[in-house]
Amino acid sequence: MQQGTLMRKVKSKSWKKQRYFKLQDDCMTIWYQSKRTGKIESAFSISDVETVREGHQSEVLQSLAEEFPPERCFTIVFYGRRGNLDLIAGSAEEAQCWVQGLRQLIKPRSFPLTFALVSRTWIRDWFQKADKNKDGRMNFKEVQRLLKMMNVDMNEDHALRLFQAADKSESGTLEGEEFVLFYKALTQREEVLSLFQDFSEDGKKLTLLELVDFLRQEQLEDEGTEELAMELIDKYEPSETARARHALSADGFLMYLCSPEGSIFNPRHRALWQDMNQPLCHYFISSSHNTYLIEDQIRGQSSIEGYIRALKRGCRCLEVDCWDGPNGEPMVYHGHTFTSKIPFREVVSTLGKYAFKVGHPSPGAGHRPGPQKCGIPGHSKSHGGDGHPNMPTSPSPTPQELKHKILLKGKKIGRLEDTLDGPGDEAPDVSDDDNGAEAEEERRRVKVVLGDSAPIAGTKHGPALQKDKESLAQALSDCVVYCKSVSFRGFQEARSHSRPSEISSLSEAKARKLIRDAGNEFVRHNTWQLTRIYPSGMRTDSSNYSPQEMWNVGCQIVALNFQTAGTEMDLCDGLFSQNGRCGYVLKPPFMRDEETLFNPSDPGSREGPGPIILTIQVISGQQLPKVANSKDGAVIDPLVRVEIHGVPADQAHQETKYIENNGEPHGGTRDPAVPRQPCPCPPSTHSPFPGFNPRWDETLQFQLHVPELALVRFVVEDYDKTSRNDFVGQFTLAFANIKPGYRHIHLLSKDGTSIPPSSLFVHIRITE
């Protein structure tokens with residue numbers, strides 16, 4: 001085995017250790033070992049890598065810019081909240097070899113190939129982990145241990161028969177490819193096969209007409225069904241012979257059900273599908289709070305990584321808190337706290353690189369979404385531009401008109417003294433859960449709406465450099481065009497004296513009080529003016545409030561702590577995962593009408609059809625992962641909880657029973673009034689591996705009074721009798737994006753990243 005490439009692993013300016021890095025023969029695993037001890041320190045899978053950045057694109061590498069040239073530096077970025085890996089190669093050539101090699105390995109492919117490849121490489125990753133002596137073979141006892149690691153609680157006799165069938169060489173061991181065959185036989189999808197046979201006359205294939213029947217009857221595809229059936233056969237049928245005969249095999253049927261077309265998320269809504277010519281106030285806008293923080297609000301780290309992660313997640317409204325630093329250098333951090341600081345110029349540089357780099361194209365499409373976008377403070381003409389070149393003249397511009405533009409949110413000064421010495425730019429409400437420090441900090445903030453091509457610049461902010469105050473403050477004020485910050489003094493006052501181009505910021509407590517006392521007035525206010533909601537100053541742990549109650553009254557800019565995983569961020573990701581991930585979601589019609597009667601506390605005030613019934617049959621789970629830090633040999637006892645987040649009358653949740661190791665269901669909160677649906681396959685075909693591929697066959701039913709505002713969250717947990725259930729995976733989407741029929745739900749981690757190939761298989765029905 002080759003020794004590998006010697007590179008410096010960097011954690012800080014003073015911590016630079018030499019390590020050997022090597023790509024394993026499977027081209028899916030990288031390990032690194034200490035140069036001094038030879039001990040393997042860590043390993044990671046290529047599937048864990050999100051991207052590779054060249055040059056000084058982290059704070060650590062920027063601090064070493066004078067010591068190491070950018071050509072030798074690169075950063076490996078992982079999915080989720082795992083820390084980045086900063087590396088310095090011995091030469092520019094070595095750095096390029098690793099950068100280009102890694103990029104090629106993580107390069108996205110078409111979905112059918114990716115689905116098969118993910119499943120295959122995921123299996124091989126586990127095989128490599130368990131192959132201790134690295135001889136590429138495993139006997140039955142080793143395979144048993146590996147399956148325990150993979151959360152497969154198997155029947156030994158059944159597994160042994162499959163093992164012997166996969167051992168083509170009759171050596172008593174399985175090599176890599178043999179293990180893949182063994183594993184696939186072990187986890188065959190009987191419930192899908194049974195469904196396939198229900199529509200197949202000969203049980204071996206679906207003819208074109210049989211597939212059309214399935215698409216119409218079960219998937220409720222009512223337009224261009226024959227053309228769709230042909231497309232699915234051409235796209236997902238692996239057999240050339242079957243494709244030539246316009247038929248779909250059982251393998252092709254499974255590939256279709258696991259594809260974007262078979263997902264619960266309507267693939268047409270992944271692309272930009274909404275009208276982007278409405279005023280800004282008619283959209284929900286993805287927004288973050290204290291974007292620079294990646295930890296808590298008191299002692300947490302400030303990092304440009306916070307901006308990069310938020311922008312790549314589709315966030316359109318970010319914050320930069322500017323404070324005086326040494327030598328007149330503005331610094332960004334959470335004022336009056338012990339959070340670390342980052343130079344403002346680094347933030348500006350990062351925003352210039354990443355604000356519109358990610359276009360979030362829809363699956364299978366190459367276009368960039370139209371609306372661009374909501375965002376960020378701080379600018380100075382030293383970086384070029386006047387802040388708002390060629391701005392539209394409309395008092396209520398649309399996202400379409402604001403493509404490639406930047407909007408700065410801040411106080412628009414009349415007299416210069418009003419900004420320099422007067423009340424804060426946001427005049428935040430100070431209630432019982434907010435304090436003076438939070439209010440003072442709000443005075444230092446500026447928000448901006450960013451456009452694709454306009455330059456981003458910086459400004460000094462605060463009492464330093466008295467001689468520059470006037471010009472910089474005036475320049476900043478001149479950039480404020482559509483998002484002038486004003487104090488909120490009541491809905492009547494706003495209607496009489498405010499303009500559509502103005503915006504108010506409210507604490508979460510103030511917003512809740514307004515929702516309780518004047519829900520309809522709040523909805524009407526948000527039909528013509530922007531409102532921003534920010535977290536309580538008491539949330540020093542960077543926890544989040546529920547954004548749903550703010551969206552229920554039409555608040556557009558609901559700022560969350562993006563660094564904190566949980567239900568709140570799942571809802572945010574779920575709402576903004578549609579419409580090309582452009583960060584804008586059009587509000588329903590009754591929330592865009594200035595004379596609306598809608599009040600979220602009274603769902604009957606909504607104009608439109610009556611309540612609808614959402615029926616969800618939770619059939620099975622596939623390849624559910626083990627819970628982190630679980631004991632060796634432990635197998636999860638999974639359950640599924642379906643949550644409805646919407647107006648108060650729609651808030652609800654129900655659970656399936658949990659599946660114990662022996663496969664028997666227990667517990668659950670299924671509505672007893674809903675009859676249990678028959679299992680689509682006979683009991684004898686139930687999975688012998690309940691924790692890994694569980695079968696529930698539970699039907700849950702919900703009544704939705706305001707489906708236009710509802711979000712549906714699917715959560716898989718490991719049941720624990722003595723303590724809180726452990727999180728396994730989740731998926732959240734807006735009700736409007738649900739496709740009825742037999743659908744797969746591809747689960748996400750706490751961080752919102754995919755955990756292939758884990759999924760749920762469900763049947764969805766929507767009726768009035």
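This is a short tour of two strand groups and one helix pair in a predicted model.

Residues are numbered from 1 along each chain as its sequence is written, and side-chain values use heavy atoms, with hydrogens and water left out. Because the model is predicted, local features need pLDDT of at least 70 and side-chain atom pairs count only at pLDDT 80 or more, while totals for chains, interfaces and linings use all residues.

**Stop 1: strand β1**

Select residues 5-10, strand β1, together with residues 16-23, strand β2. Helices (H or I, at least four residues) and strands (E, at least two) are DSSP runs, numbered from the N terminus. β1 and β2 pair in the antiparallel sense over six bridges; two strands pair if DSSP finds at least two bridges between them. Five residues lie between β1 and β2 in this hairpin. To check the register, label Thr-5, which has Phe-21 of β2 opposite.

Now add residues 85-88, strand β7. β7 is also antiparallel to β1, over three bridges. Here Val-10 has Asp-86 of β7 as its bridge partner.

**Stop 2: strand β24**

Move to residues 638-645, strand β24. Is this strand mostly covered or mostly open? β24 is mostly covered, with eight of its eight residues buried (buried means under 20% relative accessible area, exposed over 50%, partly exposed in between, with a 1.4 Å probe and protein chains only). Show the side chains: Pro-638, Val-640, Val-642 and Ile-644 point one way, and Leu-639, Arg-641, Glu-643 and His-645 the other.

Add residues 711-718, strand β29, which pairs with β24 in the antiparallel sense over eight bridges. Glu-643 of β24 is opposite Arg-713 of β29. Then select residues 652-655, strand β25, antiparallel to β24 over four bridges. Val-642 and Gln-654 of β25 stand opposite each other, and six residues make up the hairpin connection from β24 to β25.

**Stop 3: helices α12 and α13**

Select residues 304-312, helix α12, and residues 344-354, helix α13. Their axes come within 9 Å and cross at roughly 20°. Axes are lines fitted to C-alpha atoms, for helices over the stretch in contact, and angles run from 0 to 180 degrees between N-to-C directions. α12 and α13 are therefore roughly parallel to each other; angles under 35 degrees count as roughly parallel, over 145 as roughly antiparallel, 65 to 115 as roughly perpendicular and the rest as oblique.

To see the contact (heavy atoms within 4.5 Å), show Ile-304, Tyr-307, Ile-308 and Leu-311 of α12 with Glu-346, Val-347, Thr-350, Leu-351 and Tyr-354 of α13.
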